[in-house]
Amino acid sequence: MTFVWLASYPKSGNTWLRILLSNYLSESGDGWRWDSPILGPPSHLERHEFDEAMGIASADMSDAGLDLLRRRLHAQFVSRFTGTSFTKTHEAFFSARDGLAMFPANAQSKAVYLVRNPLDIAASYAHHQNLPIDSVIDHLANPAAQVENSDTFFDEHIGNWSDHVEGWTQQDIIETLCIRYEDLLDDTFEIFSRIIRFCELEIQDDKVARTVTASSFERLRARERQSGFKALSDTSRPFFRTGRSGGWQTELTAKQSRRVYSDHGEMMQKFAYRARHDI
């Protein structure tokens with residue numbers, strides 16, 4: 001059994017990776033049904049799961065108390081799966097208020113962490129939420145930032161982008177494969193094959209090729225135009241945009257890119273991300 005956390009800061013390619021995996025794990029490699037849930041729902045965030053497992057109403061608990069019990073729930077959550085299983089998360093690795101990780105060590109657990117240029121995240125996040133780019137840049141630098149979910153799900157603490165990346169990529173509790181979103185875009189076949197092997201799935205080159213074709217942004221945009229897409233919120237614009245990197249160069253001003261680089265330059269350099277004024 002292998003349990004894999006599919007982790008990322010929001011708008012870093014998590015949905016696309018889960019569509020790739022959904023298609024690959026279908027019988028033909030391109031048979032994921034558009035009207036079906038994609039692989040790896042964030043069910044570890046469901047409040048009713050917590051309430052039933054812990055025997056206490058989460059709505060009646062303090063945030064500090066919830067952190068302690070949610071960590072215990074995560075351990076139970078991982079252990080109940082058989083075979084290879086996946087769950088999406090945007091939560092920061094060290095997210096509990098006592099400084100301990102919400103993701104407990106488990107010999108059967110792994111994580112695939114997607115990292116993306118925060119300059120492109122700013123543009124994509126602003127588009128997705130229909131927000132001003134400056135407010136998203138503030139969000140990227142906010143150590144208390146959260147993904148706010150509905151009343152039936154726990155909110156996710158994501159913190160600022162640099163801390164999120166460092167938390168997942170520098171921890172030694174869970175074996176983690178770090179993938180740059182840009183590399184997955186540039187050579188989807190090779191990078192996705194690495195992910196499949198890391199997740200201990202059987203690798204079939206012909207099936208990988210069909211999956212890559214079926215999961216191209218051109219096809220996803222066409223399907224979304226035809227059928228819509230469940231991941232959209234009421235305030236969202238089309239989910240699948242250009243499917244490219246570097247769009248920030250036309251979407252952010254020089255002042256905005258400098259702000260992002262000022263906040264996150266050290267971590268950006270580690271992943272070879274550059275801002276206009278740093279070229």
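The following paragraphs lead through a predicted model of a protein chain, from its overall make-up to single residues and the contacts they form.

The chain as a whole comes first. It contains twelve helices and six strands. Of its 279 residues, 51% are buried. How do residues that stand far apart in the sequence figure in the contacts of the chain? Among contacts with a separation of 6 or more, 70% are between residues 24 or more positions apart.

Strand 1 offers a place to begin. Phe3 is located in this strand, which covers residues 2–8. Is Phe3 buried or exposed? With a relative accessible area of 0%, Phe3 is buried, because a residue under 20% is placed in that class. Once neighbours within four places in sequence are set aside, Phe3 is in contact with Phe77, Val78, Phe81, Ser85, Thr87, Gln108, Ser109 and Lys110. One of these partners, Thr87, is 84 residues away from Phe3 in sequence, yet the C-alpha atoms of the two are 8.0 Å apart in space.

Another partner of Phe3 is Ser109, a residue of strand 3. Ser109 is buried as well, its relative accessible area being 3%. Apart from neighbours within four places in sequence, Ser109 is in contact with Phe3, Val78, Ile174 and Glu175. Val78 thus appears in the contacts of Phe3 and again in those of Ser109.

Lys110, also among the contacts of Phe3, leads to the subject of charged pairs. Side chains of opposite charge can pair when their charged atoms come close. How many salt bridges does the structure hold? There are six. In one of them, the side chain of Lys110 meets that of Glu200, with a distance of 3.0 Å from N to O. Lys110 belongs to strand 3 (residues 109–115), while Glu200 sits in the loop between helix 8 (188–198) and helix 9 (205–214), so this salt bridge ties together parts that are 90 residues apart in sequence. The two partners also belong to separate accessibility classes: Lys110 counts as buried at 10% relative accessibility, whereas Glu200 counts as exposed at 51%.

Other salt bridges can be followed in the model. The side chains of Arg180 and Asp183 form one, at 3.2 Å from N to O. Arg180 is partly exposed, with a relative accessibility of 21%, and Asp183 is partly exposed at 29%. A further salt bridge joins the side chains of Arg210 and Asp206 at 3.7 Å, again from N to O. Where do Arg210 and Asp206 lie? Both are in helix 9, and they are four residues apart, about one turn of the helix. Arg210 counts as partly exposed at 34% relative accessibility, and Asp206 counts as partly exposed at 46%. Salt bridges with shared partners also connect Asp134, Asp138 and Arg259 in one network.

The residues of that network recur where two helices meet. Two packed helices are described by the angle between their axes and the distance between the axes. Helix 5 spans residues 133–140 and helix 12 spans residues 254–270; their axes come within 10 Å and cross at roughly 5 degrees. The two helices are therefore roughly parallel to each other, since angles under 35 degrees are classed in this way. On the side of helix 5, the contact involves Ile133, Asp134, Ile137, Asp138 and Leu140; on the side of helix 12, it involves Gln256, Arg259, Val260, Asp263 and His264. Four residues of this contact are nonpolar, two are polar and four are charged.

A loop residue gives a further example of contacts across the sequence. Asp98 lies in the loop between strand 2 (84–89) and strand 3. Asp98 is partly exposed, with a relative accessible area of 42%. Beyond neighbours within four places in sequence, Asp98 is in contact with Leu68 and Arg71. Asp98 and Asp67 are 31 residues apart in sequence, and their C-alpha atoms are 8.3 Å apart in space.

Finally, the cysteines may be considered. A disulfide is a covalent bond between the sulfur atoms of two cysteines. How many disulfides does the structure hold? The number is zero. Cys178 counts as partly exposed, at 30% relative accessibility, while Cys199 counts as buried, at 0%.

Technical notes:
Residues numbered from 1 in each chain as written. Predicted model: local features only at pLDDT ≥ 70, side-chain atom pairs only at ≥ 80, totals over all residues. Heavy atoms only, no water. Axes fitted to C-alpha atoms, helices over the stretch in contact; angles between N-to-C directions. Parallel < 35°, antiparallel > 145°, perpendicular 65-115°, else oblique. Contact = heavy atoms within 4.5 Å. Nonpolar A, V, L, I, M, F, W, Y, C, P; charged D, E, K, R; others polar. Disulfide = S-S within 2.5 Å. Buried < 20%, exposed > 50% of the residue type's maximum accessible area, 1.4 Å probe, protein only. Salt bridge = Lys/Arg side-chain N within 4 Å of Asp/Glu carboxyl O.
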